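Have your viewer ready and the selection panel open. Let's take a walk through this protein, one selection at a time.

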Amino acid sequence: MTPAIVVWFKRDLRVVDHEPLDRAVREGKVLPLYIVEPEYWSKDYTSGRQWSFLKDSLISLDRELTALGQPLWTVIGDVEKVLDHLYKEFRFCRIVSHQETGPGWTYERDLKVKRWSEDHGVVWDEYRQHGVVRGLQERRGWASQWGELMGLPQFSVPKKILGVGSPPIVASDVLQRFSCSNEISMSSQEGGRSNALSLLDSFLDRRCETYRSGMSSPSTGEIVCSRISTHLSVGTLSLREVWQRTLDRRQILKKQTANSVALRSLKSFQSRLHWHCHFIQKLESEPRLEFEELHRGFIGLRQGEPDLEIERLDRFCRGALGWPFVDACLRCLAATGWLNFRMRAMLVSIASYHLWVDWQKTGIQMARWFTDFEAGIHWSQIQMQSGNTGINANRIYSPIKQSEDQDPQGIFIKRWVPELESVPIEWIHQPWRMPPRLQQKIGCRIGLDYPEPIGDPTQLAREARSRLKSWIESHDMKPEAKRVLKAHGSRLRQVRPRYGKKASLSQMALDLE
Ligand SMILES: Cc1cc2nc3c(=O)[nH]c(=O)nc-3n(C[C@H](O)[C@H](O)[C@H](O)COP(=O)(O)OP(=O)(O)OC[C@H]3O[C@@H](n4cnc5c(N)ncnc54)[C@H](O)[C@@H]3O)c2cc1C
């Protein structure tokens with residue numbers, strides 16, 4: 001009898017557009033496997049809300065697989081021990097999975113699986129699931145290969161799976177036995193394929209209309225953004241599926257109404273789908289960016305006053321900086337697990353510049369908060385918004401300007417910072433300027449009912465700029481900037497280089513927003 005093929009599900013929890021599953025089903029008997037790895041879930045960038053979303057998605061995958069004839073085998077444990085155990089029972093010769101670009105921990109884990117496979121004479125085949133390329137030396141040609149991959153037909157759902165039979169314990173019971181030690185409160189989003197599809201449908205059918213105009217504000221962004229990031233990160237949607245559905249929708253819109261607003265919005269959305277892989281590629285090509293400044297010239301920049309950093313980071317984590325709009329964003333993220341792109345960028349910029357906190361500490365805290373934590377996008381963005389890349393413009397956001405622009409009526413602020421409910425609109429962006437008698441009268445005393453501001457934002461930004469300037473002037477930054485540009489810069493748009501005059505045509509980088 002031919003031995004079963006193990007289909008190892010990782011961050012690809014679906015049965016549609018799933019090349020490893022498609023291949024295994026064509027070749028013979030299948031053992032669909034998910035391994036819950038306690039060591040991964042003890043890492044400081046994981047959280048209970050990520051686990052909860054994943055659990056929903058695994059239950060949904062189990063349902064889909066069961067309907068095709070073979071339930072999911074879900075096992076808790078160290079990957080080598082799990083494989084040892086299954087190998088004794090099934091003597092499989094082949095494992096198939098998607099390639100994964102995750103944190104350093106998953107990379108090390110994959111090396112162990114590779115060694116295990118070699119030791120046992122098992123072949124482990126990995127397939128691409130999106131536009132990230134393994135072993136890439138430089139970015140030339142990357143965008144066109146991405147386009148080609150997105151244009152290929154999707155793998156259809158297998159009609160039936162010939163499998164190894166039911167697992168000893170059903171997936172839902174196994175999943176009940178595990179919990180993540182970092183119990184950040186639940187996510188506002190639920191996992192699973194049907195939730196993924198309804199989000200995508202509602203976005204393409206209706207919500208996309210105001211995507212472009214509404215994406216920058218945290219209140220409207222919550223509604224008009226697609227909100228599919230968490231589904232992409234666990235793979236309940238395939239990127240190609242989303243890309244192709246978007247193209248189809250654009251065709252319909254073009255014919256039906258020539259609705260130019262929605263069409264432009266969908267174009268912006270398509271750029272972001274491209275960025276998804278563009279950023280993950282950076283981590284794939286240079287895994288050290290999880291641990292070290294991308295541009296090595298910035299290593300050591302933020303070493304300084306540890307006590308001050310502890311206090312500032314603590315206030316950041318509690319959403320108690322005394323800057324209402326920033327606190328509202330922090331509390332919204334802590335409570336829901338999601339925030340729009342611009343506000344994520346603003347929070348990192350404030351932590352890295354105004355508060356001068358080490359980017360890694362901010363990055364770990366934010367990763368825990370995000371239900372959609374995707375290491376490649378996350379660490380690349382943290383590096384970029386902290387000014388560590390040497391090829392992107394440094395964005396030092398003004399918390400007051402962002403507040404006035406994105407929440408002019410203070411509605412978002414009052415929703416997330418209820419202590420400020422009674423503050424009149426003219427003071428809502430800078431309540432510390434309210435006359436003391438007014439503070440007394442409305443029952444919102446700064447320093448008692450709501451924290452004193454952590455500092456003057458303009459002054460703190462000025463200090464950050466000057467520290468940065470003297471650092472750059474006293475270090476030779478150009479050679480490393482060239483290296484980063486060659487390895488990671490997108491060839492889509494021409495920008496000025498960070499340390500010199502106008503870029504030559506060969507020096508181009510993607511500058512976001
Ligand atoms: C500091 C920081 C950390 C981030 N960490 C993550 C993360 O861990 N996981 C994550 O998925 N996104 C991350 N992002 C990118 C972005 O903020 C989110 O993808 C987006 O807000 C998710 O909401 P959405 O699905 O409604 O996005 P939409 O605006 O609807 O975009 C659709 C999809 O495009 C991709 N995308 C959108 N914006 C970006 C971007 N700037 N870079 C790369 N891909 C993008 C995402 O896959 C997203 O789901 C981060 C951004 C910043 C500034």
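The stops below go from the domains to a sheet, and then to the cavities and pockets.

**Stop 1: the domains**

Before you select anything, keep in mind that this is a predicted model. Colour the chain by its domain assignment: domain 1 covers 5-129, domain 2 covers 193-285 and domain 3 covers 290-472. Now show domains 2 and 3 together. Their centres, taken over C-alpha atoms, are separated by 27 Å. At the contact between them, 17 residues of domain 2 meet 19 residues of domain 3.

**Stop 2: the sheet**

Switch to a cartoon view and look for an open sheet of five strands. In which order do the strands lie? Reading across, you pass S3-S2-S1-S4-S5, with parallel pairing. Select 73-76 for strand S3 and 123-127 for strand S5, and you have the edge strands, each of which pairs on one side only. Turn the view to follow the twist: neighbouring strands are turned by 25° against each other on average, direction ignored.

Next, zoom in on residues 5-9, strand S1, and residues 30-36, strand S2. These two run parallel and are joined by five bridges. For a landmark within the pair, pick Ile-5, which has Val-30 of S2 opposite it.

**Stop 3: helices on the sheet**

Keep the sheet on screen and add residues 48-68, helix H2. This helix packs on the sheet and touches S1 and S2. Its direction makes about 170° with that of S2. Then add residues 19-27, helix H1. Here you will find a helix lying across S1, S2, strand S4 (94-98) and S5, running at about 150° to S4.

**Stop 4: the largest cavity**

Now turn to the enclosed spaces. The count comes to five cavities of 30 Å³ or more. The largest holds about 810 Å³ of space. To find its centre, select Ser-229, Phe-341, Arg-344, Asp-372 and Ile-377, the nearest to it among 35 lining residues.

Which domains does this cavity lie between? Domain 2 (193-285) and domain 3 (290-472) both give residues to the lining, so the largest cavity lies between those two. Show the helices around it: H10 (229-234), H12 (260-285), H15 (341-354) and H17 (375-385) each supply at least two lining residues. H12 has the largest share, with six residues. Colour the lining by class and you get 19 nonpolar, nine polar and seven charged residues.

**Stop 5: the second largest cavity**

Select Arg-11, Tyr-34, Tyr-40, Trp-41 and Leu-54 next; of the 20 residues lining the second largest cavity, these lie nearest its centre. The volume here is about 310 Å³. This cavity lies between domain 1 (5-129) and domain 3 (290-472), because both give residues to its lining.

Some elements from the sheet stop return here: S1, S2 and H2 each supply at least two lining residues, as do helix H4 (104-119) and H10. H2 gives the most, with three residues. By class, the lining divides into 10 nonpolar, four polar and six charged residues.

**Stop 6: the largest pocket**

Move on to the open spaces. The largest pocket contains about 440 Å³. Select Glu-100, Tyr-107, Arg-134, Glu-284 and Pro-287, the closest to its centre of the 23 residues that line it. Domain 1 (5-129) and domain 2 (193-285) each contribute at least three residues to this lining.

Which element provides the largest share of the lining? Highlight H4, which provides six residues. S5 and H12 are also worth showing, since H4, S5 and H12 each supply at least two residues. The lining has nine nonpolar, seven polar and seven charged residues.

**Stop 7: the second largest pocket**

For the last stop, select Arg-302, Gln-303, Gly-304, Glu-309 and Asp-358. These lie nearest the centre of the second largest pocket, which has 18 lining residues. Two or more of them come from each of helix H13 (306-318) and helix H16 (359-369). H13 gives the most, with four residues. About 270 Å³ of space lies in this pocket, and the lining has seven nonpolar, four polar and seven charged residues.

Conventions:
Residues numbered from 1 in each chain as written. Predicted model: local features only at pLDDT ≥ 70, side-chain atom pairs only at ≥ 80, totals over all residues. Heavy atoms only, no water. Pairing = 2+ DSSP bridges. Axes fitted to C-alpha atoms, helices over the stretch in contact; angles between N-to-C directions. Contact = heavy atoms within 4.5 Å. 1 Å grid on protein atoms, 1.4 Å probe; cavity = no way out; pocket = protein on both sides within 12 Å on 5 of 7 lines; lining within 4 Å. Points joined across faces, edges and corners; volume = space filled by probe spheres on them. Nonpolar A, V, L, I, M, F, W, Y, C, P; charged D, E, K, R; others polar. Domains from an automatic or database assignment.
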